[in-house]
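Notebook open, model loaded. I'll jot down what I look up as I go.

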Amino acid sequence: MNASDLTSRRVKLPDGGSATPYQWGDGEVLIRDDALTVLRCIKLLQDGEMGAEEKSEEFIPLFFADWGDAYTACDYDGEEFGRLITSAVWDVCGIDMSGDKPHEAPLWDPDEDAALIRISFRAEYGIDWDEVRGQIGFSEFVALVGGCSTDTPLGRAIYYRNPKTRPKATKHNRKEVEQWERLHRAYALGTKRSRSSHGANEGNNAAMNDAFAALKRAAR
């Protein structure tokens, strides 16, 4: 996922929202990249119950400020439009629709950690999530999540989910390691679901593949 820099241009849309120009070929395409919209896009693509064609119909106008302009930028070429979608979704949302990007195990989840995010944003930054979610960019939101200290509920959860924070075992710190292991299990993602996190990931991947196939068909 690409982070926007301090000189990035944001465009106000007629409906009150905003978008960021995304360079494609010799032109620009307006992408709705505010945190709320991108989270909705991710949730839509990962929905295992919604049909692929229905996802496609909802995703394209939600993601692109004007999908007609986006299609024009691709010279009305369906294959090129599919490449634009794949590239933009990765750069803006961090979702790998082509299946060729390196991945690490997630340390937070917008659904499972919703309450922790709200509480921690207030505690760490004095931010009310509901007030800023349509104004800040998604990359800024991700940076705010990663910036939460271990004094916040979210920062603490992320710390204990990260295997890199596990203390190196010595003959003197057995209790410390046991405590880390206990909290690592307690904060593990997927514990709030009826299936394992591995199963959830497999379901997400299948749903994403179906959605991508539908998006490519729509592009044609």
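**Arginine 161.** I started with the backbone oxygen of leucine 107, which sits 2.8 Å from a polar atom of the arginine 161 side chain. A note to self before going on: this is a predicted model. Next I checked tyrosine 187, and its backbone oxygen is 2.5 Å from a polar atom of the arginine 161 side chain.

Is arginine 161 buried or exposed? Its relative accessibility comes out at 10%, and the cut-off for buried is under 20%, so arginine 161 counts as buried.

I then pulled its contacts, leaving out residues up to four places away in sequence. Arginine 161 touches Leu107 and Tyr187, the two residues from the distances above, and also Trp108, Asp113, His184, Ala188 and Leu189.

**Helix α8.** Where does arginine 161 lie? I find it in helix α8, residues 153–161. Arg161 is on the list of buried residues of α8, together with Leu154, Gly155, Ala157, Ile158 and Tyr160. I looked for what covers them, and the cover includes α5 (114–125), α7 (138–146) and α9 (174–186).

**Helix α1.** I did a quick length check on this one. Helix α1 runs over residues 35–46, and at 1.5 Å a residue its twelve residues should span 16 Å. I get 16 Å between its end C-alpha atoms, which agrees.

How many of the twelve residues of α1 are buried? I count nine, so α1 is largely enclosed by the rest of the structure. The buried ones are Ala35, Leu36, Thr37, Val38, Leu39, Cys41, Ile42, Leu44 and Leu45.

**α2 against α4.** I took the axes of helix α2 (residues 52–63) and helix α4 (residues 78–93) and found that they come within 12 Å, crossing at roughly 65°. The range for roughly perpendicular is 65 to 115 degrees, so α2 counts as roughly perpendicular to α4. On the α2 side, I see the contact made by Phe59, Ile60 and Phe63. The α4 side brings Phe81, Ile85, Ala88, Val89, Val92 and Cys93. A reminder on spacing: an α-helix has 3.6 residues a turn, so residues three or four places apart point the same way. I also noted the handedness: the crossing of α2 and α4 is left-handed.

**Serine 8.** Last entry. Serine 8 is placed in the segment before β1 (11–12). I have its relative accessibility at 31%, so serine 8 counts as partly exposed. I also looked up its distance to proline 21: the two are 13 residues apart in sequence, and their C-alpha atoms are 8.5 Å apart in space.

Note on methods:
Residues are numbered from 1 along each chain as its sequence is written. This is a predicted model: local features need pLDDT of at least 70, side-chain atom pairs count only at pLDDT 80 or more; totals for chains, interfaces and linings use all residues. Side-chain values use heavy atoms; hydrogens and water are left out. Helices (H or I, at least four residues) and strands (E, at least two) are DSSP runs, numbered from the N terminus. The expected span of a helix is 1.5 Å times one less than its number of residues. Buried means under 20% relative accessible area, exposed over 50%, partly exposed in between (1.4 Å probe, protein chains only). A polar contact is a pair of N or O atoms within 3.5 Å; within protein, one must be able to donate a hydrogen and the other to accept it, and residues adjacent in sequence count only if both atoms are side-chain atoms. Contact means heavy atoms within 4.5 Å. Axes are lines fitted to C-alpha atoms, for helices over the stretch in contact, and angles run from 0 to 180 degrees between N-to-C directions. Angles under 35 degrees count as roughly parallel, over 145 as roughly antiparallel, 65 to 115 as roughly perpendicular and the rest as oblique. A crossing is left-handed if the near helix is turned anticlockwise from the far one by less than a right angle, and right-handed if clockwise.
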